[in-house]
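This report describes a predicted model. Please look at the sequence and structure below before reading on.

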Amino acid sequence: MTPGAIGFESLNAALKAAGEETRLRMVALLAEAELTVTELIDILRQSQPRISRHLRLLGEAGLVERNREGAWAFFRLAEHGAAADVARALVARLDADDPVIARDRERLAAVRAARAAAAQAYFAEHAAEWDRIRRLHVTDAAVEAAVAAELADRPFRSLLDLGTGTGRMLELLGPSIERGVGIDLSHEMLALARARLDRAGLRHCSVRQGDIYDLNLPRDSFDVVIVHQVLHFLDDGARAIREAARVLRPQGRLLVIDFAPHDLEFLREDHAHRRLGFAAEAVTQWMEQAGLEPMSHRLLVPEPGSDGKIAVSLWLGRDPRILLAGAHREVA
Ligand SMILES: C[S@@+](CC[C@H](N)C(=O)[O-])C[C@H]1O[C@@H](n2cnc3c(N)ncnc32)[C@H](O)[C@@H]1O
């Protein structure tokens, strides 16, 4: 078969699956975001059995993939295979201003906004106790020693801490850098971070409000970017990593720290988590897709006998561009 060509049977099955109004709308939506059944019900305003049936048909034809995680399942457009190519080609030809597609996208935006508001309400409520909550999982000392060790091979001058919360990463690494910036959506968290940086006398470090998905920062502006315990709250980790990669200088490093896969479902209800941790390959792939070179993955397992229940992963990626003026990375 010609490389990239699709067999008749597969093409026929993929077109049949996508050739129905709701399913085509679903294909368009899932190209924009990874969604749960409940979210699709909210957007498409159809019953759960109907949505589930459509998802099953799209899955069987290879257009959509399901990622089960605890009690939740996330659906997204398939990434590999002939049917995935068909899905992408269809989405590429869809008129983004079509009224049906535009209305669905508006509803998707509303669903995302409601989700973000729920997470922010949680952070506003828990800002003061966040440092204590953090310790429920893996000891700070072990994680922080590992963070310092991952970055120890080369000094760096500037640090961007995304989802900085109470600013602990800036406090930890601030003494050895020239410029530190923390970004967070939550005013309550930022107030605590400011107090912390003041107390530590770190005048070259500052924090400001901003969205990890849409940083108001120029490209190529930081030597190191850290995303510490933030990804599991987000609905689009890949996008956050892309945006982090954009602001990295050539040879700059991105360090992501988050939970390894776990089954503590209550963290969703009680602590606004969306994802129950990440497999090593998941974040590595996001880094690759963002044009970074994955350097290492390290797993920290809770000490036997400690209160910690969840292992923590550290992923280090590097911007592969060499330090030449005018060199640009191609982002896939
Ligand atoms: C679990 S806290 C981690 C804080 C800090 N990195 C630490 O480890 O102590 C997650 C932080 O991410 C922030 N956050 C969540 N979504 C965000 C977004 N879209 N943009 C910026 N910050 C976000 C929250 O406000 C919260 O302060």
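## Helix α5 and its surroundings

In α5 of this predicted model, the residues Ala-83, Ala-84, Val-86 and Ala-87 are buried. Because these residues cover an arc of only 160° around the axis, they are placed on the same side of α5. The exposed residues Ala-92 and Arg-93, by contrast, are carried on the face of α5 that is turned away from its buried side. Packing against the buried residues of α5 are the elements α1 (8-18), α2 (21-32) and β2 (72-77).

The length of the helix can be examined as well. Helix α5 comprises 12 residues (residues 82-93), and at 1.5 Å a residue it should span 16 Å; the C-alpha atoms at its ends are 17 Å apart, and so the expected span and the modelled one agree.

## Helix α3 and the residue that follows

For helix α3 (residues 37-44), the buried residues are Val-37, Glu-39, Leu-40, Ile-43 and Leu-44, a set that includes Glu-39 alongside Val-37 and Leu-40. They cover an arc of only 160° around the axis, and therefore lie on the same side of α3. The elements against which the buried residues of α3 pack are α2, α4 (48-60), β2 and α6 (99-126). Both α2 and β2 are thus among the packing partners of the buried residues of α3 and also among those of the buried residues of α5.

Just after α3 comes Arg-45, whose backbone takes a positive phi of about 55°.

## Aromatic rings and a charge over a ring

A pair of aromatic rings is described by the distance of the centres and the angle of the planes. Under the rule applied here, in which ring centres must lie within 6.5 Å, the model contains 2 aromatic pairs. One of them is formed by Phe-278 and Trp-286, with 5.7 Å centre to centre and 65° between the planes; because planes over 60 degrees apart count as edge-to-face, this pair is classed as edge-to-face. Phe-278 and Trp-286 are both buried.

A further ring, that of Phe-74, has the charged end of Arg-275 sitting over it, at 5.0 Å from the ring centre.

## Domain arrangement

The protein is divided into two domains, with domain 1 covering 8-109 and domain 2 covering 135-318. Their C-alpha centres lie 31 Å apart. To the contact between them, domain 1 contributes 12 residues and domain 2 contributes 10 residues.

Methods:
Residues numbered from 1 in each chain as written. Predicted model: local features only at pLDDT ≥ 70, side-chain atom pairs only at ≥ 80, totals over all residues. Heavy atoms only, no water. Helix = DSSP H or I, 4+ residues; strand = E, 2+ residues; numbered from the N terminus. Expected span 1.5 Å × (residues − 1). Buried < 20%, exposed > 50% of the residue type's maximum accessible area, 1.4 Å probe, protein only. Arc of directions from axis to C-beta. Contact = heavy atoms within 4.5 Å. Phe/Tyr/Trp six-rings, centres within 6.5 Å; stacked < 30°, edge-to-face > 60°. Lys NZ or Arg CZ within 6 Å of the ring centre and 35° of its normal. Domains from an automatic or database assignment.
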